[in-house]
Structures are given as C-alpha cells and as structure tokens.
Amino acid sequence: MNSNSSCIIEQFGRLVDLTDKEKNLLRTLEKDPKHYASGDLICETGSSTTCFFTLQSGWAYSTRVLADGQRQVLDIFLPGQLMGVRDIGFNRSLSDFIALTDVEACPFPQRRITEVFAESPRLTDLLFLVLGLEHAMLTERVINLGRRPAAQRLAHFILEMKVHLNQFDDEFELPLTQTIIGDALGLSSVHVSRTLKELRQNQWMHFSDGVVTINDLDAMVDFSGFNRTYLDSLVDWPRCPAGS
C-alpha cells in the first residue's frame with residue numbers, strides 16, 4: 001500500500017464523497033501498522049478493550065470458542081474495516097480476533113474515535129451506517145444458521161461475500177478454508193465439502209484453491225433466496241451531504 005492510499009478511506013468513500021478534512025481524520029486511524037501472520041491472535045477474548053483496530057490489508061475474523069471446544073466464526077473482516085468497535089461499551093473483548101491471511105492492522109486508542117466524532121459529525125453518521133450494515137449481515141447470518149438448509153446456507157453466504165467484496169466479476173478470491181466456512185455457518189468441514197460438491201454438480205458454482213467461480217448467478221440467487229437489500233446502505237441519511 002502506498003503512502004497516499006487508505007483502505008478505510010476507500011470503504012467510506014463508497015458511501016459518500018469525502019472531504020480532505022474527513023480523509024485526514026480517517027488517516028489518523030491507520031498509523032503505526034502492525035504485521036500479523038496468518039493464524040496469529042490479534043486480540044484475545046477477555047483482554048482489555050483499550051484499542052480498536054483498522055484492518056489495513058489482508059483478511060481477519062472474530063470467533064468465540066465454546067466450552068466443548070467448538071468454534072463459531074462471528075465476523076469476517078476485509079481491508080478498511082474497523083475491528084472491535086462493537087465492544088465499545090465493554091471493558092473486555094467479547095471475542096478473539098485472528099488473522100485469516102497475513103495482515104497489517106493498525107491499533108488506535110478508543111478515545112481517538114471520540115475525537116474523530118467531535119471533529120466531524122458526518123463521519124459519526126457514516127460509522128453508524130457501517131455498523132448498521134455489519135449488524136444487518138449478522139442478522140442475516142442468524143437467519144442462515146436457524147432456518148436455511150445447508151446448501152441454501154452456503155450459496156447465500158457465497159453471494160453475500162461477493163457483494164460485500166464489491167465484486168462484479170463471476171470469479172473472485174475467497175481465502176477461506178472449508179473449516180472457516182463451516183465455523184461461520186454451523187457446519188462441519190465434511191458437510192461443507194459435500195455441499196460444495198452439490199452446488200458444483202448443479203453447475204451453479206465452483207470453489208477451489210481460494211477462488212470462487214459462479215457459473216449461474218440467477219440460479220444461485222433463486223435457490224438461496226438472496227436479496228442484497230440488507231447490504232445497501234442508506235447514503236442519504238441527514239448529515240451525509242459534504243460540508244455539514
């Protein structure tokens with residue numbers, strides 16, 4: 001990443017045209033990047049929530065490990081996302097944050113969010129919009145886990161990731177193992193493998209070596225009941241015009 005680029009500016013810039021002041025404020029959340037190798041623990045459940053993280057590059061995820069050792073993946077984070085903000089009202093982290101690939105993550109103190117809010121009310125609005133989007137994704141994930149059969153669950157998840165990645169191509173990278181996918185969807189890795197085979201045999205999609213190829217998008221949408229509305233943010237919220 002060069003000195004002028006910023007993943008968080010790119011993410012917020014998809015919602016509105018940012019002013020120079022807003023870009024500079026967001027850049028203060030990307031100072032002092034730290035490198036984490038794939039599999040490294042970025043933040044541990046129960047640790048003090050004195051810092052949040054901006055994911056500058058790479059992928060990460062949050063997870064909770066149950067008493068019997070089973071794991072539930074709660075979030076998958078992409079470059080530009082803020083990690084840990086949902087813990088803002090707690091003294092301790094509620095989940096583990098783990099590097100899915102090699103990542104650069106920038107820790108910043110909680111008070112910096114308050115300072116950014118004070119200097120730019122519009123960025124406050126945008127952050128709430130982003131958090132609302134993440135909440136909507138979690139809500140849809142609950143519906144996936146509770147009500148959709150395995151094949152529909154997996155197809156819906158693949159389409160959600162495609163939209164979340166802002167991918168218009170039918171082929172895109174998805175650096176998730178079958179174990180991670182299973183832990184996100186409440187399925188065993190063996191069940192994920194069988195379900196991927198079913199979707200491939202229907203000639204709807206193919207997933208191999210971290211690359212998804214969608215062969216029949218319409219069939220995937222119809223089969224999974226996917227509706228991207230919950231991923232479309234309300235960009236005309238009151239303070240979104242620049243200069244407010």
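Here is a quick look at one small sheet and at the cysteines of this structure.

This is a predicted model, so to speak of local features takes a pLDDT of at least 70 and side-chain atom pairs count only at pLDDT 80 or more, while totals for chains, interfaces and linings use all residues. Residues are numbered from 1 along each chain as its sequence is written, and side-chain values use heavy atoms, with hydrogens and water left out.

**The sheet**

Three strands make an open, antiparallel sheet in the order β9-β11-β10. Strands (E, at least two residues) and helices (H or I, at least four) are DSSP runs, numbered from the N terminus, and two strands pair if DSSP finds at least two bridges between them. β9 (171–173) and β10 (205–208) are the edge strands with a single partner each, so one side of each has no neighbour in the sheet. From one strand to the next, the twist averages 15°; axes are lines fitted to C-alpha atoms, for helices over the stretch in contact, and angles run from 0 to 180 degrees between N-to-C directions.

β9 and β11 (residues 211–214) are joined by three bridges, and glutamate 171 has threonine 213 in β11 as its bridge partner. Helix α5 (residues 150–164) packs on this sheet and touches β9, β10 and β11, its direction making about 100° with that of β11. Contact means heavy atoms within 4.5 Å.

**The cysteines**

How many disulfides (cysteine sulfur pairs within 2.5 Å) does the whole structure hold? A search finds zero. Here are two of the cysteines, where buried means under 20% relative accessible area, exposed over 50% and partly exposed in between (1.4 Å probe, protein chains only).

| Cysteine | Nearest cysteine sulfur | Relative accessible area |
|---|---|---|
| Cysteine 43 | cysteine 51, 8.9 Å | 13%, buried |
| Cysteine 106 | cysteine 7, 9.3 Å | 0%, buried |

Terms used: A disulfide is a pair of cysteine sulfur atoms within 2.5 Å.
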